[in-house]
Amino acid sequence: MTSHAASGNDVHAASNPNTLVNFGFWVYLMSDVIIFSMLFTMFVTVSTHYNGGPSGRDLFELRDVFFETMALLFSSITFGMAMLSMHARRKSQVLLWLLITFVFGALFVGLEVHEFLGLVHEGAGPWTSAFLSAFFTLVGTHGTHVTFGLIWIAVMIGQVAVKGVTAPVASRLMRLALFWHFLDIVWIAVFSTVYLSGVM
Amino acid sequence: MSTSSHDARLGGLNLKTYLTGFVLALILTAIPFGAVAFGWFSSGLTLILVAVAAVVQILVHLFCFLHLDFSEENAWNTGSGAFCVLILAILVGGTLWLMYSLEMRTMIAGG
C-alpha cells in the first residue's frame with residue numbers, strides 16, 4: 001500500500017507541468033511559436049505574389065485539407081487517451097493509444113507528401129513564385145515537425161513496451177503530449193491562413 | 001478525499017475535458033470549412049468567421065488539450081508566454097508594417 005502510493009507519487013511528480021525540464025521544453029515551444037509566426041508573416045506578405053503562376057484557388061483541394069485536419073485532430077484526442085491511460089498506469093492501453101496516434105499522424109504526413117508531389121507534378125513547385133516558396137516553407141516546416149513527432153512517438157512506444165510506465169518515461173510522454181498538441185494548434189493556423197483564406 | 005487530491009495533481013486531466021475539447025474542435029473546424037466550401041456568406045464575412053473560429057479553436061486546444069491555465073503554479077509558463085507575445089508583436093507587427101509600406105512606396109515610384 002505504502003510502496004504503491006510512493007511510486008504513484010513519483011509518476012505524478014515527474015509528469016507535473018511545473019518541473020524544470022518541462023519549463024525548459026515550454027521555452028523551446030515558445031521559440032518554435034516565434035519561428036512559425038515569422039513563416040506565417042512571410043507567407044501573408046507574399047501571398048498574392050504569383051509571378052504569373054497558379055494561385056491557391058487554382059491549386060488547393062479543400063477536401064484533402066479537411067481529411068488532413070481530421071487526421072491531426074483525431075490524433076490529438078487519441079494522444080489524450082494515451083495520457084489518461086498513463087495516469088491510470090495501464091501499460092497496454094498506453095501502447096494501443098500511442099499506436100493509434102502514430103497511425104493518424106502518419107496518415108497526415110502521407111496526405112501532405114501526396115499533396116506536395118501533386119503540386120510539383122502540376123508545375124507548381126516552390127521555385128515557381130514567391131507565394132509557392134512561402135507555402136512550401138511554412139507547410140513543409142510544420143510537416144517536418146509532425147514527422148519528428150512521429151519518430152518521437154515510435155521511440156516512446158519502444159520505451160513504454162520495454163521499461164513500462166516508469167517516472168522518467170511518464171515525464172517524457174508529458175513533453176511529447178505538449179509537442180503533439182502544439183503541432184495541432186499550429187495546423188489550425190495553417191488551414192485557416194493558407195488554405196481557407198487561399199481558396200476564397 | 002483521495003480522489004479529489006488525485007484529480008488536483010493531474011491538473012484537470014480527465015476524460016470529460018478531452019471529449020469536450022474534441023467536440024468543440026470538430027464544430028469549430030466544420031463551420032469555417034463549410035462556410036468556405038459552400039459559400040454560405042459573403043467573402044468578407046467568411047474571412048472574419050474563419051479568423052474567429054481559428055482563435056476560439058486555438059483557445060479550446062490550449063485549455064482542454066494542453067491544460068493551460070493562469071494559476072500561480074504556472075506563473076513561469078504564463079510569464080514566458082507573455083514575453084513571447086511581446087517579441088511577436090514587435091517582429092510580426094514590424095514586418096507587416098515595413099513590407100506593406102515598402103510595397104506602397106514601390107508602387108508609387110514604379111508608376
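Is A:Asn51 buried or exposed, and how many C-beta neighbours inside 10 Å does A:Asn51 have? I started my notes with that residue and worked outwards. Please keep in mind throughout that this is a predicted model.

**Entry 1: two loop residues in chain A**

I counted 12 C-beta neighbours inside 10 Å for A:Asn51, so A:Asn51 is classed as exposed. I then located A:Asn51 in the loop that runs between helix H2 (20-45) and helix H3 (56-59) of chain A. What drew me there was the backbone: phi of A:Asn51 is positive, at about 55°, although the residue is not a glycine. Most residues other than glycine have a negative phi.

I found another case at A:Arg89, where phi is near 55°, again a positive value in a residue other than glycine. A:Arg89 sits in the loop between helix H4 (62-87) and helix H5 (91-121) of chain A. For the surroundings of A:Arg89 I got 16 C-beta neighbours inside 10 Å, and therefore A:Arg89 counts as partly exposed.

**Entry 2: the helices on either side of A:Arg89**

Since A:Arg89 lies between H4(A) and H5(A) in the chain, I looked at that pair next. Two packed helices are described by the angle between their axes and the distance between the axes. For H4(A) and H5(A), I noted axes that come within 8 Å and a crossing at roughly 160°. The two helices are therefore roughly antiparallel to each other. I also checked the hand, and H4(A) passes H5(A) in a left-handed crossing. The contact of H4(A) with H5(A) breaks down by class into 16 nonpolar, six polar and four charged residues.

**Entry 3: chain A as a whole**

I stepped back to the whole chain. Chain A has seven helices and zero strands, and along the sequence the pattern reads α-α-α-α-α-α-α. The C-alpha atoms of chain A fill a box of roughly 70 × 30 × 25 Å along the principal axes. Chain A has 200 residues, and 36% of them count as buried. I also looked at contacts in chain A with a separation of 6 or more, and 84% of these are between residues 24 or more positions apart.

Then I went to the record. UniProt, in an unreviewed entry, lists "domain: Heme-copper oxidase subunit III family profile" for residues 21-199 of chain A. In the model, I found that span to be 85% helix and 0% strand, with its end C-alpha atoms 42 Å apart. The unreviewed entry also gives the annotation "transmembrane region" for several stretches of chain A, among them 131-155 and 176-196. I looked up both of these. Residues 131-155 of chain A are 100% helix and 0% strand, and their end C-alpha atoms lie 36 Å apart. Residues 176-196 of chain A are likewise 100% helix and 0% strand, with 29 Å between the end C-alpha atoms.

**Entry 4: chain B**

I turned to chain B, which has four helices and zero strands in the order α-α-α-α. Of its 111 residues, 18% are buried. Among contacts in chain B between residues at least 6 apart in sequence, 56% join residues at least 24 apart.

UniProt places "transmembrane region" (unreviewed entry) at residues 20-41, 48-68 and 80-100 of chain B. I found residues 48-68 of chain B to be 81% helix and 0% strand, with the end C-alpha atoms 26 Å apart. Residues 80-100 of chain B are 100% helix and 0% strand, and there the end C-alpha atoms are 30 Å apart.

I also looked at how H2(B) packs on H3(B): the angle is about 165° and the axes are 9 Å apart. That angle is over 145°, which means that H2(B) is roughly antiparallel to H3(B). Their crossing is left-handed. Residues that meet in this contact include B:Leu24, B:Leu28 and B:Pro32 from H2(B), and B:Leu49, B:Val56 and B:His61 from H3(B). By class, I noted 14 nonpolar, seven polar and no charged residues in the contact of H2(B) with H3(B).

**Entry 5: where the chains meet**

My last look-up was the interface, where 38 residues of chain B are in contact with 34 residues of chain A. On the chain B side, helix H2 (15-38), helix H3 (43-64) and helix H4 (75-110) each supply at least two residues. H4(B) gives the most to that side, with 12 residues. The side of chain B that touches chain A divides into 25 nonpolar, 11 polar and two charged residues.

How values were computed
Residues numbered from 1 in each chain as written. Chains lettered and ligands numbered in written order. Predicted model: local features only at pLDDT ≥ 70, side-chain atom pairs only at ≥ 80, totals over all residues. Contact = placed C-beta atoms within 7 Å. Nonpolar A, V, L, I, M, F, W, Y, C, P; charged D, E, K, R; others polar. UniProt positions renumbered as here; feature names shortened; annotations may be inferred. Axes fitted to C-alpha atoms, helices over the stretch in contact; angles between N-to-C directions. Parallel < 35°, antiparallel > 145°, perpendicular 65-115°, else oblique. Left-handed = near helix turned anticlockwise from the far one by under 90°. Buried ≥ 20, exposed ≤ 12 C-beta atoms within 10 Å, placed from the backbone.
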